Amino acid sequence: MASAQEEDSPTDGAVSEKDERQRAGKPRFQQIDREQLFWRMINVERLIAEDHPARAIWEFVGKLDLSGYTGEIRAVEGMAGRPALSPQLLVSLWVYAYGQGVGSGRAIEQLCEWDPAYQWLTGAVVVGAHTLSDFRVKHEKALKELFVQVLGLLSADGLITLERVMQDGTKIGGKAAQDSFRRKERVEQALKQAQEQVAAVEALSEEETSRRISKARSRAQRERQQRLEQALKEFEKLAEEGSGKDPEKRRVSTSDPQARIMKQPDGGFAPSYNVQINTDASNGVVVAVGVVQAGNDFEQLQPGVDRVEQNLGKTPDQVVTDGGFVSRDNIVAMKERGVEFIGPCGDEAGKGKSSYEGRGVSPEYHSSQFVYDAQSDSYCCPQGKILSYEGKEQRHTQLSYRYRAQRSDCQGCPVKGQCCPGNRVTGRSIHRSEEIAEVAEFRHKMLTEPAREIYRQRAQVAETPNLWIKEKFGLRQFSVRGLSKVGMEALWACLTYNIRIWIRLRWRQVATVATVPA
Ligand code: SF4
């Protein structure tokens with residue numbers, strides 16, 4: 001009987017020789033055959049895990065009344081013809097796609113070919129890019145109703161309270177290049193050319209160009225013509241708004257006429273839209289969304305509160321904003337509507353290096369050294385000259401009255417260099433501010449710790465949806481043009497955001513409970 005030592009050892013010559021050959025030989029690898037064709041069995045239901053978000057989206061969208069989308073469908077039961085794609089599928093596809101940072105119909109079409117989640121949603125059918133793109137922007141009323149319906153479900157689920165709503169604005173890029181902005185005369189010239197090109201393309205016979213190419217060219221030319229016509233309307237709108245002092249300097253984009261050049265958080269300027277988002281503080285649900293062309297936020301608070309009211313039939317108890325929304329008008333309006341307004345006091349926010357220092361005004365000539373005479377409604381300067389009332393203006397939370405000295409008095413004044421060194425063509429001016437009771441009350445409230453504590457919560461609640469929409473959903477630039485379509489894309493993104501909140505806070509809870517063994 002052989003010992004254990006002998007059993008474990010190579011039996012000698014033959015094995016050693018094989019080892020030697022293996023060591024000396026060239027390695028052999030498995031060939032990859034990419035020319036082969038084969039059938040594969042796919043169980044569509046098992047393409048994704050039980051807790052995959054696509055299942056949650058399908059389930060949630062299945063609860064909604066989508067009849068707003070069915071009015072134009074021609075395929076009906078009992079009649080011949082190809083059945084239409086269901087709105088539940090198209091809504092689910094877009095909601096899932098936005099959540100994955102996919103924002104184009106073409107990309108979704110490609111993903112339907114191989115991505116398990118898209119295949120599960122479609123039942124392994126490829127949905128065409130045109131169908132998807134049209135569905136996204138051709139049902140504005142139905143989409144708005146859908147957004148409100150979703151809010152209704154979230155509210156019934158206890159995810160919205162409207163006790164505290166934060167409003168914030170974020171700039172999202174338009175589909176326009178910086179160099180597409182033109183003066184009115186240039187737009188008129190371009191429109192004339194576009195009209196001639198449309199007429200020329202339409203005049204081509206089918207022999208000269210294939211029907212398909214002709215149709216595509218004609219459509220592209222007509223769209224360009226429509227954009228230029230829209231651009232001319234935007235010039236009229238800018239004139240009505242009194243935008244820019246010099247009409248000669250007004251410019252409108254020829255690629256996305258309704259986009260406006262807006263200041264960006266990094267200090268630069270870019271063609272953009274201002275997206276206003278109202279977020280309920282209890283669970284972070286977006287309760288209203290609007291897109292405007294104004295670059296500033298001062299005039300956006302009241303429309304934002306209106307949208308919340310329209311969507312949920314109730315006014316928020318409290319609204320919290322940053323300093324960009326704080327103005328005398330907004331303080332008064334919120335007070336009248338019974339909405340508590342929390343925000344930094346605009347005039348306080350401007351505190352810092354004295355503006356006098358910046359302008360080189362000596363302390364003896366600060367406005368406090370000028371004497372006001374209520375009877376004549378004028379000021380007297382340290383040199384005994386009169387500053388008469390010139391006009392009034394709104395400065396954040398205050399109404400400010402402006403007084404100005406005679407040009408001749410100041411330009412010949414021996415102390416001009418200490419009083420108004422920068423004034424080369426006018427006399428010195430000073431402002432008298434008047435604070436109304438509502439503003440004084442607001443200012444006093446914002447000095448209290450409870451109000452400051454509420455304000456400290458603002459950034460996290462208000463800026464989270466902005467951040468998600470831009471960073472996670474990839475919506476830093478709209479993929480469509482024009483206020484109406486851009487508004488719809490913003491709604492799709494916020495709809496997606498809200499459904500994902502429901503998945504995180506409700507669906508997983510339900511799913512977990514359902515799978516716990518009894
Ligand atoms: S510069 Fe004008 S406002 Fe100032 S002290 Fe002289 S006169 Fe008065």
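Two strands are said to pair if DSSP finds at least two bridges between them. Strands (E, at least two residues) and helices (H or I, at least four) are DSSP runs, numbered from the N terminus. On this basis, strand β12 (residues 398-405) pairs with strand β13 (residues 429-434) in the antiparallel sense, over six bridges. The structure described here is a predicted model, in which local features need pLDDT of at least 70 and side-chain atom pairs count only at pLDDT 80 or more, while totals for chains, interfaces and linings use all residues. Residues are numbered from 1 along each chain as its sequence is written, and side-chain values use heavy atoms, with hydrogens and water left out.

Within the pair formed by β12 and β13, R404 has S429 of β13 as its bridge partner. Burial was assigned from relative accessible area, computed with a 1.4 Å probe on protein chains only: buried means under 20%, exposed means over 50%, and partly exposed lies in between. Seven of the eight residues of β12 are buried, so this strand is largely enclosed by the rest of the structure.

Strand β1 (residues 165-173) is also mostly covered, with eight of its nine residues buried. It has two pairing partners that can be described here. With β5, β1 pairs in the antiparallel sense over nine bridges, and the bridge partner of Q167 in β5 is N278. With strand β7 (residues 318-320), β1 pairs in the parallel sense over two bridges. In that pairing, M166 is matched with V320 of β7.

Strand β5 (residues 269-280) is joined by four bridges to β4, and these two strands run antiparallel. Together, β4 and β5 form a hairpin with five residues between them. G267, which lies in the turn, has a positive phi of about 95°. Along β4 (residues 260-263) the side chains alternate. R260 and M262 point to one face and are buried, while I261 and K263 point to the other face and are not buried. R260, a residue of strand β4, stands opposite S272 in β5. R260 counts as buried because its relative accessibility is 12%. The C-alpha atoms of R260 and P271 are separated by 5.1 Å, although these residues are eleven apart along the chain.

The loops provide further details. Most residues other than glycine have a negative phi, and most peptide bonds are trans. A124 is not a glycine, yet has a positive phi of about 60°. A124 is found in the loop between α6 (116-122) and α7 (129-137), and with a relative accessibility of 43% it counts as partly exposed. G123 lies in the loop between α6 and α7 and is partly exposed, with a relative accessible area of 41%. G123 and N43 are 80 residues apart in sequence, and their C-alpha atoms are 10.0 Å apart in space. D377, in the loop between β9 (371-373) and β10 (378-380), has a positive phi of about 50° although it is not a glycine. The relative accessible area of D377 is 25%, so this residue is partly exposed.

K63 lies in the loop between α3 (53-62) and α4 (87-99). At 47% relative accessibility, K63 is classed as partly exposed. From K63 to V150 the C-alpha distance is 9.5 Å, while the two residues are 87 apart in sequence.

The ligand is surrounded by C381, Q383, K385, D409, C410, C413, V415, C419, C420 and R428, where a residue is near a molecule if one of its heavy atoms lies within 4 Å of it. This shell divides into six nonpolar, one polar and three charged residues. In this grouping, Ala, Val, Leu, Ile, Met, Phe, Trp, Tyr, Cys and Pro count as nonpolar, Asp, Glu, Lys and Arg as charged, and the others, Gly among them, as polar. Among the residues around the ligand, C410 counts as buried because its relative accessibility is 10%.

A disulfide is a covalent bond between the sulfur atoms of two cysteines. Here a disulfide was taken as a pair of cysteine sulfur atoms within 2.5 Å. By this rule the model has zero disulfides. A further cysteine, C112, is buried, with a relative accessible area of 1%.
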